[in-house]
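Please open the structure in your viewer and keep the selection tool at hand. The stops below each begin with something to select and then say what is there.

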Amino acid sequence: MIDPVNLQAFGADANTHLAAEHEALMQFLYLSPVGLVQTGVDGEILMINPISAQLLMPLQRDGNLLNLFEALEGVAPELRHLCASFARPNGMICDGLQIHLNHPGYAGGGALRPRRSPQVLSLSLLKLDDTRLMAVLSDVSEQVRRERQLRQNDAWLNALLTSITDYALVGLDREGRICDWNETIGRVTGHTDAVVGSSYAVFYPQDAITAEQVHDRLREADQNGWSLDEGARVRADGSQFWGSAMISPIPDAEFDEPDAPAYCLVLRDISDKRDASETRRKSAFCDHLTGVANRRAFFEAAELELQRNRRKPRPTALVLIDADHFKRINDRHGHPGGDAALRQLGLVLTATFRQVDVVARVGGEEFAVLLPSSTLAGAAAVAERLRQLVQSQRVAFDGTHIDFTVSAGVAASEGGDLDLDMLMKRADQALYAAKAGGRNRIECWNSSMSAPVVRSPGPRDA
Amino acid sequence: MTTATALSFSTPALLEQLAQLNAEQLDQLDFGVIGFDTDTNVCRYNRTESEAAGLTPPRVLGQPLFTNVAPCLNNFMVAQRFEDTEDGNSALDETIDYVLTLRMRPIKVKLRLLAEPGSAVRYVLVQRRL
């Protein structure tokens, strides 16, 4: 027989033990250096640990954190769609998806990037079953910086080591003009010796490089010893191929002779390799819904352009475009209707802007376009053309059609005077003015807009 | 003299009044109190906060606040405000809406951040919002 008093003592002891165990487990979760979130399939947060709140709270405008999809809407608009279209009963929905945060909405409405802020988050989403998702969040800003460097080194090695069938060897003068003719140029590009004297931009599709960027690459070659660039190239007959081009300065070039070759350009047709690298590039740099660049690609390209800008000042413009009353489209036609409108907007954007412009989806219904070597007035004119096109086109959807309009804010940097944060902030202020002014309109930034506005969740969010 | 129970989350000039309360009086307050010293180690932790978080004081006292106790506050909205206040040798008394992850549940709260130049203890006060 067991003494009942002892049994009670035993029970109390077990309870104490359990409580201590529970507390230790809780603290283990509190202190975990990565964010963990459990949600319902609609993103509703069921359980969440502190690091998640640390990373997500600065993104919230309303001080709440109840739904993971909403919490990330401004920076990862594709999440809801990604989960909805995941057909398997369980499994990894995304693994280490990179979410770029520098956005006017971050830091509570466009303040300059604060010191203690991550720039890139990594998100993995695991579907547990029909009702639950697990998310892992972490700050990967530092890794991304390192990766970017490695990618450049990789491209360089690729350029050197990949077996190639043919290449064109082109001498360029100090201005980037082709200065000699040889057979290899004819074999790869189909040009004749009439091409001598043209800028090497002649190998690019129309609108795919600006005169300033032609010089940027030469300066980069001067500084680094080489400049490497992969992308679409065009032959004399207009047909395109995927090319890899490396420019390097010729040592001891004759500087007193203006026509003497100062650079060597090696241009190779790597179309064979292109499929693999294009698929890789697409999954990492394209918005899955609209096919335009994603935030990651946009911020990388924009930072690069503005860096070059500081070295050699020139105007650069930024347009932020937002679909008007987008919530109403979603309410009336459902998310598939909203998606159709966004796809259409992506197409019109790509067709309206130049190939050298970087068109990207940076938020749910918000797009950004960076226009190298463009003035405020020039960018505003293109934006106005876009606005008219969108207004005049109906989106066929589900037996009916969707009419919608866009508002846009335009800002420009005259030289190297503005950084990306500032440019984004100004374009955002102009966009806000366009929304407040009645929508379906373009506004250019002016200094009267920079007065600090306490932003209510007013016109922008409608 | 003020009694502890007369103090509420929004009482003006709260910092000096908190400083005069002993641990028992602090425990009587109906809002959470976390005090931390110049090295950001937690030196005051009252019952309301302890019960909400599910952590007993021995696990918390003496630990660095922003890394070992409440990493969710280690961003520019909270930690950096205390740092900026210290750098600028100024006072801080601000209330913000926030979400804490008490027992891994998202809980809407108001945070009141208190600091004054030269004060040995700075405070984060926590009150639930509906």
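A residue is called buried if 20 or more other C-beta atoms lie within 10 Å of its own, exposed if 12 or fewer, and partly exposed in between. Keep in mind throughout that this is a predicted model.

With that scale in hand, select A:Asn440, which sits in the loop between helix H13 (420-436) and strand S16 (442-444) of chain A. Because A:Asn440 has 18 C-beta neighbours inside 10 Å, it counts as partly exposed. Its backbone deserves a look as well, since phi is positive, at about 50 degrees, although the residue is not a glycine.

Next select A:His325, which lies in the loop between strand S10 (316-323) and H11 of chain A. Here phi is near 45 degrees, again a positive value in a residue other than glycine. A:His325 has 15 C-beta neighbours inside 10 Å and therefore counts as partly exposed.

From this loop, go on to helix H11 (residues 326-352) of chain A and add helix H12 (residues 376-392) of chain A, which packs with H11 at an angle of about 140 degrees, the axes lying 10 Å apart. The two helices are therefore oblique to each other, and H11(A) passes H12(A) in a right-handed crossing. To see where they meet, display A:Leu345, A:Val348, A:Leu349 and A:Thr352 from H11(A), together with A:Val382, A:Arg385, A:Leu386, A:Leu389 and A:Val390 from H12(A). By class, this contact is made up of 7 nonpolar, 1 polar and 1 charged residues.

Now bring both chains into view and select the side of chain B that touches chain A, where 24 residues of chain B are in contact with 25 residues of chain A. Helix H6 (79-87), strand S3 (92-102) and S4 of chain B each supply at least two residues of that side, and S3(B) gives the most, with 5 residues. The residues on this side of chain B divide into 12 nonpolar, 7 polar and 5 charged.

Which residues have the most contacts inside the largest nonpolar core? Select A:Ala53, A:Leu72, A:Ile99, B:Ile34, B:Leu100, B:Leu111 and B:Val124, which hold that place in a core of 61 residues. The largest share of this core, 5 residues, comes from strand S4 (residues 105-115) of chain B. Centring on B:Val124, and leaving aside residues up to four places away in sequence, you will find that it touches B:Ile34, B:Leu73, B:Leu111 and B:Leu113.

For the last stop, select A:Ala317, A:Leu318, A:Ala341 and A:Ala408, which are included in a second, separate core of 56 residues.

Conventions:
Residues numbered from 1 in each chain as written. Chains lettered and ligands numbered in written order. Predicted model: local features only at pLDDT ≥ 70, side-chain atom pairs only at ≥ 80, totals over all residues. Axes fitted to C-alpha atoms, helices over the stretch in contact; angles between N-to-C directions. Helix = DSSP H or I, 4+ residues; strand = E, 2+ residues; numbered from the N terminus. Parallel < 35°, antiparallel > 145°, perpendicular 65-115°, else oblique. Left-handed = near helix turned anticlockwise from the far one by under 90°. Contact = placed C-beta atoms within 7 Å. Nonpolar A, V, L, I, M, F, W, Y, C, P; charged D, E, K, R; others polar. Core = buried A, V, L, I, M, F, W, Y, C linked by C-beta atoms within 7 Å.
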